[in-house]
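Biologist: Please show me the structure, and let us go through the reasons behind the terms used for its sheets.

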Amino acid sequence: MATVSSSSPSSPWPNPNPDSTSPSDSHSHHRDRGDDAEPLDSFSSMTLNSEDPNHNPDPIQTPSSPPAPDSPATPPPSLLHLSFNQDHACFAVGTSRGFRILNCDPFREIFRRDFDRGGGVAVVEMLFRCNILALVGGGPDPQYPPSKVMIWDDHQSRCIGELSFRSDVRSVRLRRDRIVVVLEQKIFVYNFVDLKLMHQIETIANPKGLCAVSQGAGGSMVLVCPGLQKGQVRIEHYASKRTKFVMAHDSRIACFALTQDGGLLATASSKGTLVRVFNTVDGTLRQEVRRGADRAEIYSLAFSSNAEWLAVSSDKGTVHVFGLKVNSGSQVKETPPIAAELTRSSSSPSSSLSLFKGVLPKYFSSEWSVAQFRLVEGTQYIVAFGHQKNTVVILGMDGSFYRCQFDPVNGGEMSQLEYHNCLKPPSVF
């Protein structure tokens, strides 16, 4: 069961996107309601204490005074959570004492909030660079119950509302018009304007809280989550009110990612050897690339902004970058056969064997990565493409921050541009 409370129920929740759909446009036939569906309480609204109900949240501002570094006598907090914001320009860190927001390029801490009591924050979801964040408590001494999503306004340095559930929250996704809350076997989609429930989805057991939503400017939301079967993904197109199920893998889904416009979906299974790219509209397989021969746990997948590249991180301690043959419009790039072979020769180490496809085992005709970057094996890393051309940003649960550059023509090992520890940032910015 989900309930909503607010700091000022009588005031309207400011609309981050004035053109977003109102609650009256929700589609009842589009909601999953099994016999065991939990009843939902009535919803009230929340407020940012803004005089203008359509006021957009202001961008996050760097504090006038630099963040205070951890005292040498105080050990750094343990890291509980890492996530990029929607355009990968910033990232959020949840710790055993609070949370921090850092900028990727240039690397710098924008602000931190350490709490006096408790402090553990296991989920920090940003909304681009605005002052509204979604927080979920976690760790051995959680700041908030793990079954609640707290809406934090950093201008006021306090929570202005909450969403409460019967079970622990696994993850949260934000858009300017929607809040998506992921539980172990359910997903709730709320309208950002008034927090009315728009959609409820049943999923297979989803302990990682896997869910992805499109973020394209002005585009209608595409949501991807696990289906009800092992290896199945569910694709929700809210503009056309269509649901598409795709059997992406034989084994359970371990990770997936969407392009910004929601046109392409990359998936990996628990085997971690292959990554598949699908068209989200018709569910067709557009490309398949091979991470390696051995089983691996895929930690993250990321498309570049133009869907020309795909980055993959795994527990093998290697980040791979693959060249894609499909663009963000989900169309195959038409290339003459001979030119296509030459293109694959420069971008895919396996292309010299592609003429033997159908004769040699599939392993030998697979498409391999263009570039790689080697890290500490066993540490969990997430990856995104940087704003500078042909760069990759890598975040590790050991606090590491790497920015690397790859050669799109010659490939090979990426060059490291910089390294930092996000739990011990420079004291002066």
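Modeller: This is a predicted model. One open sheet has four strands in the order β2-β3-β4-β5, and their pairing is antiparallel.

Biologist: Why are β2 and β5 said to stand at the edges?

Modeller: β2 (79–84) and β5 (108–114) each have a single partner strand, so one side of each is left without a neighbour in the sheet. From one strand to the next, the twist averages 15°.

Biologist: How do you know that β2 and β3 count as a pair, and how many bridges join them?

Modeller: Pairing requires at least two bridges between two strands. Five bridges join β2 to β3, residues 90–95. The definition is therefore met, and the two strands run antiparallel.

Biologist: Which residue of β3 is the bridge partner of S83?

Modeller: The partner of S83 in β3 is A92.

Biologist: What is the order of the strands in the open sheet that includes β18?

Modeller: The order is β18-β19-β20-β21, four strands with antiparallel pairing.

Biologist: What makes β18 and β21 edge strands?

Modeller: β18 (253–258) and β21 (285–290) each pair on one side only. On average, neighbouring strands of this sheet are turned by 20° against each other, direction ignored.

Biologist: How do you know that β19 and β20 are paired?

Modeller: The cut-off is at least two bridges. Strand β19 (residues 264–269) and strand β20 (residues 274–279) are joined by five, so they pair, and they run antiparallel.

Biologist: Which residue in β20 does A268 stand opposite?

Modeller: In β20, V275 is opposite A268.

Methods. Residues numbered from 1 in each chain as written. Predicted model: local features only at pLDDT ≥ 70, side-chain atom pairs only at ≥ 80, totals over all residues. Heavy atoms only, no water. Axes fitted to C-alpha atoms, helices over the stretch in contact; angles between N-to-C directions.
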